[in-house]
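Morning, everyone. Please look at the structure as I put it up. I will walk you through one sheet.

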Amino acid sequence: MKKKYLQKQSKFNEQLDINVGLGLPQEKYDENEQCQSCKLTLKQDDRYIPILISTFAKQNRYDTMPMELQNLLNAETLNLFNVSSCKHQFHFKCLANSFKTKLHQEYPSWLISNCPICQQSCNLLYPNSQLEVHFNLFIQELEAILIELNLDLQLSLKYEGREELILFDIFYQLLINILIQMIQQKVDFQRSGKVQIFQQFIRILKHHYKNINYKQNILKFKKGQIFILDIMMLIENQVMSVINKNDFEQEISKILLSLPKQNDDLVKILFTCFEIKFNDELFYGEQNEISSMCITDFYQTQKEISNQIAILLGKNFETFRHRYIKNLCKKCGFFATKQKQGQDIAVCLLCLKTLCLGSCKNYKIGNLSIHAEEEHNCHSVYVCLSSGNVVITSYPMSYVNCFSLFYNNLGQEINQLTYTNLDWDKYNLDMEKVEQISKIILYNQYQQIIRNALNDQNRNRQNVRRNL
Ligand SMILES: [Zn+2]
Ligand SMILES: [Zn+2]
Ligand SMILES: [Zn+2]
Ligand SMILES: [Zn+2]
């Protein structure tokens with residue numbers, strides 16, 4: 001994986017060089033927008049948004065999506081990716097320069113590259129222009145990302161070597177992820193520039209189709225199940241030119257207008273995403289028959305995850321420790337082998353397996369990184385048995401001592417575990433901290449949190465470790 005990773009990173013560097021030397025043609029100015037870095041005007045053909053494409057942590061303890069949707073996506077293995085972004089746009093050079101000074105072979109690109117303004121972690125420069133040469137470069141980069149995420153083999157198995165279809169799969173997955181985020185985080189959705197990202201994904205997708213021309217649908221959902229999947233199938237049909245622009249717009253409107261009334265705001269955002277003019281009259285006129293299913297129980301999801309975590313951990317530190325201390329380390333098969341030497345055991349909150357913190361023997365890479373990589377698409381969150389402290393891991397980085405989950409009624413954490421202070425039952429599970437964890441799981445925030453810790457000039461920096 002390391003080798004592949006380096007490959008990808010040198011590609012990332014190459015892209016920086018290619019683009020800088022491209023000698024972009026002059027085009028008309030959009031006077032309203034400026035580069036967030038140099039404050040000069042952004043040209044139509046030179047505007048980039050930093051985005052982060054990552055895998056969604058695989059876990060079976062928590063339902064991060066309504067069951068029906070989860071089942072459908074799992075059946076088609078279509079919920080692998082997560083897209084994060086911010087609204088800031090830059091000249092290519094301005095953004096690339098801000099990375100170049102920091103490029104460091106040892107660290108993954110998501111850790112060292114970020115939006116210079118808001119620190120949003122990123123691993124791709126997303127061209128917000130209409131130039132085909134930019135589309136092609138982006139497509140190349142997306143392929144490289146697959147290698148970085150170690151998904152190239154898995155996807156090429158899925159398509160039995162028909163490599164040309166893999167990119168469509170990724171695009172559709174990214175679009176599905178964006179639509180899900182729209183429902184989950186309505187307020188944040190527009191603020192994080194997702195509408196533009198969505199529109200641009202569709203443009204690039206259409207552009208790519210011109211070169212590939214596949215004949216068979218990749219998305220195989222049954223119509224009329226969940227509206228975002230119906231929309232996705234329409235997108236695919238439009239990409240494949242099965243339906244024309246007019247029919248497409250009509251069909252989309254039909255789906256959107258058939259949603260229950262309380263989804264007004266979602267519907268309006270979606271009209272913008274598809275650049276279809278929103279017609280108030282149509283919308284507030286006769287209520288169409290509700291045919292497409294809308295998902296409302298997303299709102300409940302975070303609460304449910306929190307409750308689930310609270311049940312799994314137990315109400316105080318005594319219960320938590322008692323519950324997991326007897327488990328054997330999944331790697332070495334012993335239990336508490338390291339505790340005598342003052343080292344720690346960690347419980348994976350995504351699957352509840354226990355592991356020695358660090359490596360059991362003299363391996364170079366520790367258990368937490370390996371476990372996250374092998375079982376959870378590279379990310380996980382752990383709780384230590386000696387302190388109730390949380391560790392966030394995104395292969396190969398870990399952020400230790402994020403915060404403690406247990407506090408006594410003076411608000412103190414467990415300082416040091418000795419056998420003379422046995423009042424562990426006085427340290428209660430803090431639900432606010434549990435909610436923080438449920439957010440991390442629901443919104444796949446592992447990388448962003450590690451990044452923020454590394455950026456923190458003071459306390460946190462030394463807590464970010466490699467290969468733990
Ligand atoms: Zn600039
Ligand atoms: Zn930003
Ligand atoms: Zn072990
Ligand atoms: Zn696990």
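Which residue stands opposite S394 in β9? H379 does.

Some ground rules. This is a predicted model, where local features need pLDDT of at least 70, side-chain atom pairs count only at pLDDT 80 or more, and totals for chains, interfaces and linings use all residues. Residues are numbered from 1 along each chain as its sequence is written, and chains are lettered from A and ligands numbered from 1 in the order in which they are written.

Now the sheet. Six strands (DSSP E runs of at least two residues, numbered from the N terminus) form an open sheet, in the order β7-β6-β8-β9-β10-β13. The pairing is antiparallel; two strands pair if DSSP finds at least two bridges between them. β7 (354–356) and β13 (464–466) are at the edges with a single partner strand each, so one side of each lacks a neighbour in the sheet. From one strand to the next, the twist averages 30 degrees.

Next, the pairs. β6 (345–348) and β8 (379–384) share three bridges. There, A346 partners C384. β8 and β9 share five bridges. Their hairpin has five residues between the strands, and G388 in it has a positive phi near 75 degrees. β9 and β10 are joined by a hairpin through two residues. Three bridges pair them, with T393 opposite S398.

Last, β9 itself. Five of its five residues are buried, meaning 20 or more other C-beta atoms, placed from the backbone, lie within 10 Å of a residue's own. V390, I392 and S394 cover one side; V391 and T393 are on the other.

Terms used: Helices (H or I, at least four residues) and strands (E, at least two) are DSSP runs, numbered from the N terminus. Axes are lines fitted to C-alpha atoms, for helices over the stretch in contact, and angles run from 0 to 180 degrees between N-to-C directions. A residue is buried if 20 or more other C-beta atoms lie within 10 Å of its own, exposed if 12 or fewer, and partly exposed in between; C-beta atoms are placed from the backbone.
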